[in-house]
Amino acid sequence: MRRLFKGLPVLAALVTVAACSAAGGAAPSPKAATVTVTVTATPSPSAATPSGPVTTAPTPDATSKPASSGPRPVVAPDGRTCPDHPTPACTGAPPGLALTEAPLNDSGSAHRIDVAGRRLDRVHIKGDLVVLADDVVITNSVIDGRILNEKDRRLKRFTISDSTVGPAQGCDSLPAIGDGEFTAVRVHIRNHGDGIRFSGANIVVQDSFIDLCSNPKDHSDGIQGYYGKSNLVFDHNTVDQRGVADRTAPIFIPRSQNPEAKNVVMTGNLVMGGTFSIQLWVAGGYAIFRNNMLLDGTWDYQPVEAQCKAIDWKDNKLVTIDDSYRVTSVTGPLECAGD
């Protein structure tokens, strides 16, 4: 199978499962490491280039399938930890870090990157980030707007880790990160109506915290499939949609908008809120939904509406949690309901 970011290791949690054969190949060997790289691209006047080395997160592969996982610690490179599921305490830009303000070089409202291999570390973008070149790496940074990555009808590859996306106050109705060909690890998404937009292929979101909001007439979602393609890994994230007035679901990959969606893996997530909290349909390939947890009683209509016959559904639970998102009890199984 094609590696999404050649040369970067996959997390030890990513291992081969039986469904891999249905995708046409074997997953790469699991490894765990932290790779330190330096800026190799020639800086352009339009991009902020921090001094010193940049540490990138180990990058999962969107064509691999992680082992089923429940609560487990999250440890950020600076030593911040969460004992159970991701929270703001172990995700996002490290607190107290000195940040360099990046220029808004695209229409005065966005920072544009058009040099392949650009590294952004310890920057503050007071607007959107527009990625127009492949293999961009963002670490330890704050982006007040959203991340876009389409150029000439092609999505550009990037990774983001240990960074915060979203305004400090208010609510941005648009998706925080989209649309495909990206990896997000230990990212804190805040004050966005939609967290992740699944419209392309090859997406990995892991150990991240998504705190949602809404404006009137929004349809807020934690992760939304909107004509998604293939190879989505959504592993060990927390999605909090409680108190959001104009909402759909923490996990929303609907039937009508995803005629090509396939090879979807969702494991070890903690979600809460929504109308139907989990709505999941795929068009082909494999669909794995294991060891996920839903906060009991936080939905409007029912917990699940899904294409059950096409999903490997196992060990999902209804739970209670404390104020730190630690699971305090299991109240029952989370059963699949739907087709």
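Biologist: Is Leu-155 buried or exposed?

Modeller: Keep in mind that this is a predicted model. Leu-155 has a relative accessible area of 18%, and the cut-off for buried is under 20%. So Leu-155 counts as buried.

Biologist: Okay, and which strand does Leu-155 lie in?

Modeller: Let's place it along the chain. The strand in question covers residues 154-155. That makes the home of Leu-155 strand β14.

Biologist: How far apart in space are Leu-155 and Leu-132?

Modeller: Along the sequence, 23 residues separate Leu-155 and Leu-132. For the distance in space, we go from C-alpha to C-alpha. That gives 8.2 Å.

Biologist: Let's switch to the open sheet of nine strands. Which strands stand at its edges?

Modeller: The order of the sheet is β7-β10-β15-β18-β20-β23-β26-β29-β32, with parallel pairing. An edge strand has a single partner, so one side of it is left without a neighbour in the sheet. The strands that fit are β7 (119-121) and β32 (312-314).

Biologist: What is the bridge partner of Arg-119 in β10?

Modeller: Start with the strands: β7 and β10 (residues 136-139) pair in the parallel sense over three bridges. On the β10 side, Arg-119 has as its bridge partner Val-137.

Biologist: Last one: where is Gln-307 found, and is it buried or exposed?

Modeller: Gln-307 sits in the loop between β31 (302-306) and β32. Setting aside neighbours within four places in sequence, Gln-307 is in contact with Leu-280, Trp-281, Val-282 and Asp-339. Its relative accessibility is 16%, so this loop residue counts as buried.

How values were computed:
Residues numbered from 1 in each chain as written. Predicted model: local features only at pLDDT ≥ 70, side-chain atom pairs only at ≥ 80, totals over all residues. Heavy atoms only, no water. Pairing = 2+ DSSP bridges. Helix = DSSP H or I, 4+ residues; strand = E, 2+ residues; numbered from the N terminus. Buried < 20%, exposed > 50% of the residue type's maximum accessible area, 1.4 Å probe, protein only. Contact = heavy atoms within 4.5 Å.
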